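Student: Please take a close look at the nonpolar core of this structure and walk me through it.

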Amino acid sequence: MSFNNKEILISYSDQYRDDYYNYMIVYLDQKISQKIPIDKRGFLLREPEWRELGIKLFKGWLNYDVHYPDPYILFFRKKVDPRIQERKNQQTQ
């Protein structure tokens with residue numbers, strides 16, 4: 001699959017987090033969402049699949065949810081670095 005980047009828009013939300021994960025929402029252009037194989041629409045995508053669509057995230061991000069009414073909205077999460085979590089715990093003691 002190859003796309004002309006000028007025709008395609010992928011939007012990324014700001015990151016937000018809880019104690020365990022960083023989260024991000026990715027909004028795909030309608031043209032890209034149509035390129036998702038029919039048998040994968042509404043299902044989670046593996047990293048090679050979402051990278052092939054043109055989604056650019058650092059390693060460690062996982063597609064953990066899909067907004068079923070709008071399959072072009074994908075939810076990603078990445079584990080919080082344990083060192084950051086440890087520092088946070090030390091600050092609250």
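Tutor: What follows goes through the core, then two residues linked to it, then the cavity. This is a predicted model, in which local features need pLDDT of at least 70, side-chain atom pairs count only at pLDDT 80 or more, and totals for chains, interfaces and linings use all residues. Residues are numbered from 1 along each chain as its sequence is written, and side-chain values use heavy atoms, with hydrogens and water left out.

A nonpolar core is a set of buried Ala, Val, Leu, Ile, Met, Phe, Trp, Tyr and Cys residues joined through side-chain atoms within 4.5 Å; buried means under 20% relative accessible area, with a 1.4 Å probe and protein chains only. The largest such core has 15 residues, and L28, W50, I55, L57, L74 and F76 touch the most other members. Strands β3 (21-28) and β5 (73-79) each supply at least two of its residues; strands are DSSP runs of E, at least two residues long, numbered from the N terminus. The largest share, 3 residues, comes from β3.

Beyond four places in sequence, F76 touches residues including N22, W50, I55, L57 and W61, where contact means heavy atoms within 4.5 Å. N22 lies in strand β3 and counts as buried because its relative accessibility is 17%. Leaving aside neighbours within four places, the contacts of N22 include Q15, Y16, R17, W61 and F76.

A cavity is a set of points on a 1 Å grid over the protein atoms alone where a 1.4 Å probe fits but cannot get out, and its lining residues have an atom within 4 Å of a point. The residues lining the largest cavity include I36, F43, L45 and L74.

Terms used
Buried means under 20% relative accessible area, exposed over 50%, partly exposed in between (1.4 Å probe, protein chains only). Helices (H or I, at least four residues) and strands (E, at least two) are DSSP runs, numbered from the N terminus. On a 1 Å grid over the protein atoms alone, a cavity is a set of points where a 1.4 Å probe fits but cannot get out, and a pocket is an open set with protein on both sides within 12 Å along at least five of seven lines; lining residues have an atom within 4 Å of a point.
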